[in-house]
Each structure stands twice: as structure tokens, then as C-alpha cells.
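This report walks through one protein chain. It takes the sheet, then the turns, then a helix, then a single acidic residue.

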Amino acid sequence: MDRVGKYSQYIENIINEYAQYKPAYGEVEIETIFDRERNHYLLYYVGWDGYERMRGCVLHVDIKNEKIWIQHDGTKGGIANDLLELGVPKEDIVLAFHAPTIRKYTEFAVG
């Protein structure tokens with residue numbers, strides 16, 4: 001399997017695992033959104049907490065130029081740590097939620 005295919009499978013498996021955990025409050029649907037053609041992966045919550053509408057992206061990951069771009073990570077432990085445990089090297093993970101000028105100070109790829 002090529003690198004992009006392997007990374008795609010890792011991301012989908014991790015998102016599916018996170019999707020097993022429901023929020024502690026509200027009537028929330030958990031949606032996993034996988035655009036395999038364009039390499040976009042999302043974990044999204046939508047629902048109600050009483051009369052208040054709840055919706056939002058919990059996790060957004062893309063694969064660009066054979067690197068994993070973590071666009072948003074609202075998880076407790078962080079998907080970067082999960083990817084490292086699977087053997088993905090730090091130079092293949094971009095913490096895209098940090099400004100490009102800040103990324104050079106992380107141990108991860110800058111882009």
C-alpha cells in the first residue's frame with residue numbers, strides 16, 4: 001500500500017474509534033465524513049442540548065503532498081499522538097492549526 005493509502009486508513013480508523021464516544025450531554029449525532037477522492041476527513045457533531053442547537057467539527061484532517069495536515073483537533077489526547085503511535089514520522093505530520101510562522105518551533109513538519 002502506498003503512503004497516502006496507508007495514512008488514509010490510519011486516519012479513518014482513528015476517526016471511527018473517536019466516533020464511538022458520545023458527548024456527556026445533549027442528543028448528539030456523530031458523523032464521520034470521509035472524502036477519499038480529495039483526502040479530507042472529518043468528525044462532526046450535530047444535535048440538540050435541550051433547546052440549544054449543537055453542531056461543530058471535532059476533528060478535521062487532510063492529506064496533502066503525502067503529509068497529514070491536522071487542520072483542527074478538538075480531541076482530548078490529540079490525533080498527532082495517535083498517528084505517532086502507529087509509526088507515522090513527525091516530518092509527515094503538519095499541525096496546520098498553528099500559524100506557519102509558529103510551526104517551525106514544533107517538532108513536526110512545517111508544510
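Two strands count as paired if DSSP finds at least two bridges between them. The model is a predicted one. Five strands form an open sheet, in the order β1-β2-β3-β4-β5. The pairing is mixed. β1 and β5 stand at the edges with a single partner strand each, so one side of each has no neighbour in the sheet.

**The sheet, pair by pair**

Strand β1 covers residues 27–35 and strand β2 residues 40–49. They run antiparallel and are joined by nine bridges. Within this pair, F34 has Y41 of β2 as its bridge partner. Strand β3, residues 52–64, pairs with β2 over ten bridges, again in the antiparallel sense. Here H40 stands opposite D62 in β3. At the other end of the order, β4 and β5 pair in the parallel sense. Two bridges hold this pairing. W69 has V94 of β5 as its bridge partner.

**Turns and positive phi**

The hairpin of β1 and β2 has four residues between its strands. N39 takes a positive phi there. The hairpin of β2 and β3 has two residues between its strands, and G50 takes a positive phi in it. A further positive phi occurs at E66, which is not a glycine. E66 lies in the loop between β3 and β4 (67–73).

| Residue | Phi |
|---|---|
| N39 | near 60 degrees |
| G50 | near 65 degrees |
| E66 | about 65 degrees |

Is N39 buried or exposed? Its relative accessibility is 16%, and the cut-off for buried is under 20%, so N39 counts as buried. E66 has a relative accessible area of 39%. That value falls between the 20% and 50% cut-offs, so E66 is partly exposed.

**Helix α1**

Helix α1 runs over residues 3–18. What span should its 16 residues have at 1.5 Å a residue? The expected span is 22 Å. The end C-alpha atoms are 23 Å apart, which agrees.

The buried residues of α1 are V4, Y7, S8, I11, E12, I14, I15 and Y18. They cover an arc of only 165 degrees around the axis, so they lie on the same side of α1. What covers these buried residues? The cover includes four strands of the sheet, β1, β2, β3 and β4, together with helix α2.

**D92, a buried acidic residue**

D92 lies in the loop between α2 (79–85) and β5 (93–94). Its relative accessible area is 8%, and under 20% is the cut-off, so D92 is buried. Which side chains make polar contacts with the side chain of D92? One is that of R3, at 3.0 Å. Another is that of Y7, at 2.5 Å. R3 belongs to the residue range of α1, and Y7 is one of the buried residues of that helix.

Leaving out residues up to four places away in sequence, D92 touches R3, Y7, E66, K67 and I68. One of these, E66, is the loop residue with a positive phi of about 65 degrees. K67 and I68 fall within β4 (67–73). D92 thus has contacts with residues of helix α1, with the loop between β3 and β4 and with β4 itself.

Methods:
Residues are numbered from 1 along each chain as its sequence is written. This is a predicted model: local features need pLDDT of at least 70, side-chain atom pairs count only at pLDDT 80 or more; totals for chains, interfaces and linings use all residues. Side-chain values use heavy atoms; hydrogens and water are left out. Buried means under 20% relative accessible area, exposed over 50%, partly exposed in between (1.4 Å probe, protein chains only). A polar contact is a pair of N or O atoms within 3.5 Å; within protein, one must be able to donate a hydrogen and the other to accept it, and residues adjacent in sequence count only if both atoms are side-chain atoms. Contact means heavy atoms within 4.5 Å. The expected span of a helix is 1.5 Å times one less than its number of residues. The arc is that of the directions from the helix axis to the C-beta atoms.
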